[in-house]
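Reader: I should be grateful for a close look at a single part of this model, followed outward into its surroundings. Please give the criteria behind each term as you go.

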Amino acid sequence: MSTYVIGDVQGCYVQLMALLEHLHFNERADTLWFCGDLVNRGKDSLSTLRFIKNLPHKVTVLGNHDLHLLAYAQHIRPKHPDDTLDDILAAADKEELLTFLQHQPLLHHDAALNMTLVHAGIYPLWDLAIAQRLSKEVEVQLKGPLCGALLKDMYGEQPQLWDEKLTGIDRYRFIINAFTRMRFVNAQGELMLFADGAPASHPDLIPWFDFSQRLPTGPIVFGHWSRLGLFNKDNQIFCLDTGCVWGGKLTALRLTPKLGFVE
Ligand SMILES: [Mn+2]
């Protein structure tokens with residue numbers, strides 16, 4: 001009866017199977033959480049997505065690559081040269097796979113385990129209750145008739161600063177960018193989405209979790225930031241993106257019965 005969080009799989013199906021074997025994973029007894037970016041760039045996005053969708057006990061949140069798949073499938077976004085998504089679109093169960101993805105949240109909170117799962121992070125000026133409310137706002141849109149319009153207009157880097165008065169697509173775009181693309185903010189708390197290096201490579205910027213006025217959220221586990229890599233700040237902030245798709249490892253964080261990394 002273990003619960004594990006798995007880092008960014010990105011279609012690395014063989015590595016996922018190897019990690020699960022290493023964990024002695026039992027799909028009837030154990031639960032897997034995935035921190036998003038299930039697909040893309042790796043060799044086998046189709047097998048990965050199908051395997052996760054069919055797991056009896058799983059939680060996953062949406063990453064930027066998962067949202068890209070939904071937009072690409074609707075012909076809203078062009079194919080990126082490095083995309084490895086076409087096997088999904090050619091699959092007989094394409095609609096079930098895409099519908100599964102479309103119904104996943106941006107944030108998952110487990111009060112009993114005292115842990116919150118997101119793809120990139122929680123914007124530092126949101127506490128947990130605000131983050132839960134804002135993720136729901138977007139999830140409702142993604143599941144509704146305006147999903148296509150949202151996917152079409154979610155791309156862009158503005159607005160950079162959160163304001164509760166934001167409305168419509170500017171509001172949704174900020175929420176999606178914060179949950180799925182954020183790494184750094186500046187001293188004013190603006191999203192600095194262009195920066196993707198390690199913290200030391202951007203000394204003028206602040207990792208979102210180090211922002212001095214960050215509001216309390218409780219422990220958070222996330223991926224997305226391969227150049228941050230395996231990271232644990234005070235058992236409160238856990239990064240699990242160890243760059244499997246870039247030749248690195250796939251990592252799990254065991255939540256129960258005992259907190260700890262498994263590589
Ligand atoms: Mn990502």
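Author: **Strand 11 and its surroundings**

Strand 11 (residues 252-256) is largely enclosed by the rest of the structure, because four of its five residues are buried; buried means under 20% relative accessible area, exposed over 50%, and partly exposed in between (1.4 Å probe, protein chains only). Strands (E, at least two residues) and helices (H or I, at least four) are DSSP runs, numbered from the N terminus. The model is predicted: local features need pLDDT of at least 70 and side-chain atom pairs count only at pLDDT 80 or more, whereas totals for chains, interfaces and linings use all residues. Residues are numbered from 1 along each chain as its sequence is written, and side-chain values use heavy atoms, with hydrogens and water left out.

Strand 11 has two partners to consider, and two strands pair if DSSP finds at least two bridges between them. With strand 1 (residues 3-6), strand 11 pairs in the antiparallel sense over four bridges, and A252 in strand 11 is the bridge partner of I6. With strand 12 (residues 260-262), the pairing is again antiparallel, over three bridges; here L253 has F261 in strand 12 as its bridge partner. A hairpin of three residues joins strand 11 to strand 12.

I6 leads from the strands into the interior. A nonpolar core is a set of buried Ala, Val, Leu, Ile, Met, Phe, Trp, Tyr and Cys residues joined through side-chain atoms within 4.5 Å. The largest such core has 76 residues, and I6 and F34 are among those with the most contacts inside it. Contact means heavy atoms within 4.5 Å. Leaving aside neighbours within four places in sequence, F34 is in contact with I6, V9, L16, I52, L55, V59, T60, V61 and L117. Another core, of twelve residues, lies apart from the largest one and includes C35, V59, L240 and L255. In soluble globular proteins, nonpolar side chains tend to be buried together.

The metal site completes the picture. The manganese ion has D37 (OD), N64 (OD1), H119 (NE2) and H224 (ND1) as its protein donors, 2.1 to 2.3 Å away; donors are N, O and S atoms within 2.8 Å of the metal (3.2 Å for Na, K and Ca), and water is not among the atoms, so sites may look incomplete. D37 lies in the loop between strand 2 (31-34) and helix 2 (45-54), while N64 is in helix 3 (residues 64-73). D37 is buried at 2% relative accessibility, whereas N64 is partly exposed at 23%.
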